Amino acid sequence: MTKKLWATFALISLGTSAAAQDSNSLSIDGEAMVTEVAAPAHMENVDTIYSGWRFRSAETQALEMDDFDNPAFVFVEQAEDLWDKVDGAAGKACSSCHEDVADFAGLRTQLPRVDDGELVTMENLINECRTERMEAEPWKWSKGNMTAMTALIGVQSRGMPMNVAIDGDAAPFWEKGKELYYTRVGQLDMACSNCHEDNYGMMIRADHLSQGQVNGFPTYRLKNAKLNSIHGRFKGCMKNIRATPFKEGGDEFKALELYLASRGQGLSVETPSVRN
Ligand code: HEC
Ligand code: HEC
C-alpha cells in the first residue's frame, strides 16, 4: 500500500469497543419492536442480529420512539398528498386504483422479491405503476418523491418481522448478493462484512458500527436531514472505502439488498427509522 493509502486507512481504522448501547428496548407509539433476535440459519458467523437502532445514541434513539418527534413523518405526510395526486397521461392517482395504502401492510417485509424471473424492490413496483399504469415519468431512485412514498408504504408494515424469500427463484439473486457482501473492493480493499460482520459494536471514527441492517429504510439521517434509500446508503459505504459504487437500482445493489434483508429475518420493520 502507498503511504497515502495507509493514511486514509488510519483515519477509518477501528477503535475500541464501545460501551453498551444506551437503550435496549424499542417501542414506537406503544408498539414493541423486535430489535434483537437469533440470526437466521444461513448466517454462519453471527449468532444474534440487532437492529441499527441499538447502536445509536440515546438522543437519536429517542427520535424514533415517537412519531411526533420523528422528522421522517414530514415526508410521510408529503407522500399522503402524492397518493391522491393525479399525474401522467392516464389521468390517475395512486388512490384511483389502490383503495387504501394500509392494504400494503406486510409488503415491506417481503421485498425484494422475484416477479416473473426479475428481482424487484419497492421502488421498482412503484415505478411500474407510474410508467405502465399512470403513463407518468418514473421517479428517481433516491429522490424525495420516491423515498417519501417508500416510507409511506413501508410504515404500513411497521412492527412486522422481515421475511424475504431466498429459495426457489430467489436463490441465484441471493447467492449473488452474498458474494458481493464478502467481496473486498475499493482502494481500502474492504468488504461489507469487514465492518458490519467482523466489527459491529466497535467505534469507527465517532460512529458506532452496526450490522448494516435494512429493516428501518428509508431512513431519516440527521447528517443530511432527509430520507435515504437503501441503495443510497450502500453507495455511501462504497464511497467511504474508496470504491466505485454500483448503480442505484442496478442488479448488484438489488441482489445486495435481498441478501441484507435476509440477514435481518425476524427483526421488526422500523420504517421510517432515524439514524445519524
Ligand atoms: C391504474 C391503476 C393503478 C394506479 C394508478 C396505480 N397502481 Fe399500483 N398497482 C396496480 C395494479 C393493478 C397492481 C398489481 C396488482 C396488485 O398487486 O394490486 C399494482 C401494484 C402496486 C404495488 C405492488 C403491490 C404488491 O403487493 O405487490 C405497489 C407498491 C403499488 N402498486 C403502488 C402504487 C403507487 C405508489 C401508485 C401511485 C404512484 C400506484 N401504485 C398507482 C394498479 C395501479
Ligand atoms: C469501513 C467500514 C464500512 C464498510 C466496509 C461498509 N460500511 Fe456500511 N456503514 C458503515 C458505518 C460507519 C455506518 C453507519 C453506522 C452503522 O449503522 O453501522 C454504516 C451504515 C450502513 C447501513 C445502515 C444501517 C442502519 O441501521 O441504518 C447499511 C445498510 C450499510 N452500512 C450497508 C453496507 C454495505 C451493503 C456495505 C458493502 C457494500 C457496507 N455497508 C460497507 C461502515 C461501513
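Helices, of at least four residues, and strands, of at least two, are DSSP runs numbered from the N terminus. In this predicted model, four such elements each supply at least two residues of the shell around ligand 2: α8 (192–196), β9 (207–208), α9 (230–240) and α10 (251–262). Helix α9 gives the most, with four residues.

The shell holds 25 residues. The closest are C192, C195, H196, S210 and C237. By character, the shell divides into 15 nonpolar, six polar and four charged residues.

Ligand 2 carries an iron atom with two protein donors, H196 (NE2) and C237 (SG). These lie 2.0 to 2.3 Å from the iron. The pair links distant parts of the chain. H196 sits in helix α8 and C237 in helix α9, 41 residues apart. Six donor atoms surround the iron, and the angles they subtend run from 87 to 179 degrees, so the arrangement is octahedral. Ideal angles for six octahedral donors are 90 or 180 degrees.

The two protein donors were also assessed for accessibility. H196 has a relative accessibility of 16% and therefore counts as buried, since the cut-off for buried is under 20%. C237, at 30%, is partly exposed.

Polar contacts to oxygen atoms of ligand 2 involve both backbone and side chains. A polar backbone atom of S210 lies 2.7 Å from a ligand 2 oxygen. In the side chain of R275, an N or O atom is 3.0 Å from an oxygen atom of ligand 2. For R56, a polar side-chain atom is 3.4 Å from a ligand 2 oxygen.

Terms used:
Residues are numbered from 1 along each chain as its sequence is written. Chains are lettered from A and ligands numbered from 1 in the order in which they are written. This is a predicted model: local features need pLDDT of at least 70, side-chain atom pairs count only at pLDDT 80 or more; totals for chains, interfaces and linings use all residues. Side-chain values use heavy atoms; hydrogens and water are left out. A residue is near a molecule or strand if one of its heavy atoms lies within 4 Å of it. A polar contact is a pair of N or O atoms within 3.5 Å; within protein, one must be able to donate a hydrogen and the other to accept it, and residues adjacent in sequence count only if both atoms are side-chain atoms. Ala, Val, Leu, Ile, Met, Phe, Trp, Tyr, Cys and Pro count as nonpolar, Asp, Glu, Lys and Arg as charged, and the others, Gly among them, as polar. Donors are N, O and S atoms within 2.8 Å of the metal (3.2 Å for Na, K and Ca); water is not among the atoms, so sites may look incomplete. Four donors count as tetrahedral if all angles lie between 85 and 135 degrees; four count as square planar and six as octahedral if opposite donors are over 155 degrees apart and all others between 65 and 115; anything else is irregular. Buried means under 20% relative accessible area, exposed over 50%, partly exposed in between (1.4 Å probe, protein chains only).
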